[in-house]
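Subject: Structure handover

Hello,

Here is the structure for your files. My notes on what was found in it follow below.

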Amino acid sequence: MNRFLLSLALVAAFPCVATDAMAQDAPERARSLGIVTVTGARPSSLPTQIPTTIEGVTRAEIETRVNATDSEDALKYLPSLLVRKRYIGDYNHAILSTRASGTGNSARSAVYADGILLSNYLGNGIANGTNFAPRWGLVTAEEIERVDVMYGPFSAAYPGNSAGAVVDYVTRMPDKLEAHVKAGFSSQPNELYRTKKSFNGWQTSASLGSRSGDWSWWIDVNRTDSQGQPLTFTTATLASTVAGGAGTPVFGAVPGLNTTNAPWLILGAGTQYRTVQDHAKLKLAYDISPTLRASYTLGWWQNAGSGQSESYLVDARGQPVYSGPVNIGGRSFTLAPTAFPWTEDRATHFMHGLSVKSNTQGAFDWEVAASLYDYAKDTQRSPTVALPLAALGGAGTLQDQGGTGWNTLAAKGTWRPQGVGGAHVVDFGVGRDAYKLVIAKTNVLGDWRDGPAFTPVSQVGGRSRTLSAWAQDAWSFAPRWKTVLGLRYEKWKATDGFTATATSAQPYASRSESDLSPKAALAYQLAPSTVIKASVGRAVRYPTVGELYGATSGGALSFVNDPNLKPEKSWTGELTAEQDLGNGLLRATLFHETTKNALYSQLIPNSTVSRVQNVDRMRTTGVELAYTGQDVGIQGLDLGGSLTYADSKTVADAAFPAAVGKWQPRVPRWRATAYATYKPDARWAFTVAARYSGRQYSNLDNSDVNAFAYFGASRYFTVDLRVRYQIDRQWSAAFGIDNANNDRYWNFHPYPQRTYTAELRFDL
């Protein structure tokens, strides 16, 4: 974490690149009385006044400290955060968890890059064949300039989805000719049940940019070719088998206990992804005048992902068995044709962002911004015939999300009635966000691998729209006091919702609601190096189109929608003390959140069907400690760490009384991070880092008592290592090990085991 970002002096300025009268190009941060002020000409989601706890990491710190293969890796050691990344290039399950939100709640955080929304509010979490994780692939690790994380819904500039956190990426924009090339390799030797194999990956990237007069430009390309460990497992509980001699005798099943400690058999592994992803981005900026800049971003992301299965079962001849009646140790069981699934994903997504922004730093500044995210192509093909014949073709299904996407439009202003340094700074704005979901599933004519869509299986879709207006005033009302008061108005509407099968269709009536969300923060300079700050805010998280209308079926899991879901409404507060230690910074934050009608998707007991529902009330109270220090004890030694305790429970749930008093799913009671980086000279950097998470549950009633099993959410402790060497001014190399202690842990799926990384980089 950058020391200056958290500096608790009255004004702690950050360096930025400036080459002309457009003086502040990259966003610059300064802190006064605990309130961070942001200036700069770059597009950004950040308001000028940030009244909440903020943590950040810079490009230099990422390169030195983190084995970063994906953009979300930049968040790895920040307090109270976890991204559920299961393999390099994880494009469908890498959901962000925050202080009071678990990894099933993607719609309770907001991720932006250069002001463009990357969070996918078409749905929440994961539904069969669809995913609503942030679109991390539209930002590569190599193009990051810095990342800021704002905790809690305390800024009126953000929607209720910011209840957990706001993540704001700023990517590079050069002021002179730059060129970068990087090649990386990773290898994960994996051993679980009867799978014993190394899963490898390659990454290559190149970028080029420059500035000429009033024009700046940047081009970034990246390819990832990655194999992940198996993520799903074909299982059968002993209770589902029948004693007797029926079926083909097979061998190789692995006995074990499921999450409720019921005996089961692991019959094979599935969803072993190989993903090949291509990324390209073009950024243009034009200085219309010394204080007015226009910026455009075009992003392109393409993915070819194949999810393979492996049967552990073999017959008397040693041949793998994939389907039909089988007999395991005197107990019979019938394997369905899709017991060992195979999926082929193909996607092409486009992202556009356009903004015009002034940066006079005078009485008034303004910005107009628009963005578009388009699922130009997004398909998943699966066979309905069993392996091994499925490898040769046969019947199957096609799920198509083409036409899905979202767009945003916003106008913002900043008014400084007394000029820069005056008592008041007023931020305000209006916006419109619109989402469209289309999921059509059909049987395939001919070969499942490339045949055209034929007869319908199911189709779901719908739209939602939110109009917003907001304002907040940062007021220095006394020499040692500052407050930020804000109010956000939102008008939400859901329309055109429907679900359909091959024989019937169900349209849904339109719905709408309006809400006001007040925000307030108060900061006091207790001493020259000490600030006390209190913040409170309301957040309204509206149901997503997917939760309202997105019923899906088939495959490993099915999802049941609910068109009558209520919005989730939260009140969040925090009390923070920040202390400047000279060569380090220490922060303690007490936080509390109460959420009414929390939106949750849960498995129906003893089924593979997930249903979305409102939980009457959830409550979280906790404390977060964070520390960063530079040159601690000896020159070149940087230390950092965090410790979070959260008491997060369901306190009322009339629809599911068994959940009352139980821990909120996937919010651990304890979590911690720590790192130490030693730079003995200008060439070498050695880092050791650790991450810890305590016991978790996946079910609302905490019935999943065995966490170290498929579907479980376990505790973990991992140690990461990284060594970086600057060969000369242009060449550098790095070697790293993630999960060096080879902890085997779960979050529904198994996480990666010990993974080795190596990279070589050239910078012009």
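**A four-stranded sheet**

An open sheet of mixed pairing is built from four strands, in the order β17-β23-β22-β18. Its edge strands are β17 (242-243) and β18 (248-249), each of which pairs on one side only. Please keep in mind throughout that this is a predicted model.

β17 and strand β23 (residues 331-335) run antiparallel and are joined by two bridges. One pairing to look up is that of valine 242, whose bridge partner in β23 is serine 332. As background, the strands of a sheet pair through backbone hydrogen bonds, and they do so either parallel or antiparallel.

**Strands β41, β42 and β45**

Strand β41 (residues 716-726) pairs with strand β42 (residues 731-738) over six bridges, in the antiparallel sense. The connection from β41 to β42 is a hairpin of four residues. Within this pairing, valine 723 has phenylalanine 735 of β42 as its bridge partner.

β42 also pairs with strand β45 (residues 755-763), again antiparallel, over eight bridges. There, glycine 736 is matched with threonine 757 of β45 as its bridge partner.

**Two surface patches**

Strand β37 (residues 609-629) holds arginine 619, and valine 623 lies in β37 as well. Each of these residues belongs to a surface patch:

- Positive patch: Lys566, Lys596, Arg617 and Arg619 form it.
- Nonpolar patch: Leu575, Leu590, Val623, Leu625, Leu643, Trp670, Tyr692 and Phe717 make it, with an area of about 680 Å².

How exposed is arginine 619? Its relative accessibility is 41%, so arginine 619 counts as partly exposed, a class that lies between the cut-offs of 20% and 50%. Valine 623 counts as partly exposed too, because its relative accessibility is 32%.

**A loop residue**

Glutamine 361 sits in the loop between β24 (343-358) and β25 (364-383). Is glutamine 361 buried or partly exposed? With a relative accessible area of 21%, glutamine 361 is partly exposed, since buried means under 20%.

How far apart are glutamine 361 and aspartate 148, in sequence and in space? They are separated by 213 residues in sequence, and their C-alpha atoms are 22 Å apart.

Regards

Terms used. Residues are numbered from 1 along each chain as its sequence is written. This is a predicted model: local features need pLDDT of at least 70, side-chain atom pairs count only at pLDDT 80 or more; totals for chains, interfaces and linings use all residues. Side-chain values use heavy atoms; hydrogens and water are left out. Patches are made of residues with over 30% relative accessible area and no salt bridge: like charges are joined within 9 Å, nonpolar side chains (Val, Leu, Ile, Met, Phe, Trp, Tyr) within 5 Å. Accessible areas come from the Shrake-Rupley method with a 1.4 Å probe; for residues, only the protein chains shown count as cover. A salt bridge is a side-chain nitrogen of Lys or Arg within 4 Å of a carboxyl oxygen of Asp or Glu. Lys and Arg count as positive and Asp and Glu as negative; His and the chain ends are not counted. The place of a charge is taken as NZ of Lys, CZ of Arg, CG of Asp or CD of Glu. Buried means under 20% relative accessible area, exposed over 50%, partly exposed in between (1.4 Å probe, protein chains only). Two strands pair if DSSP finds at least two bridges between them.
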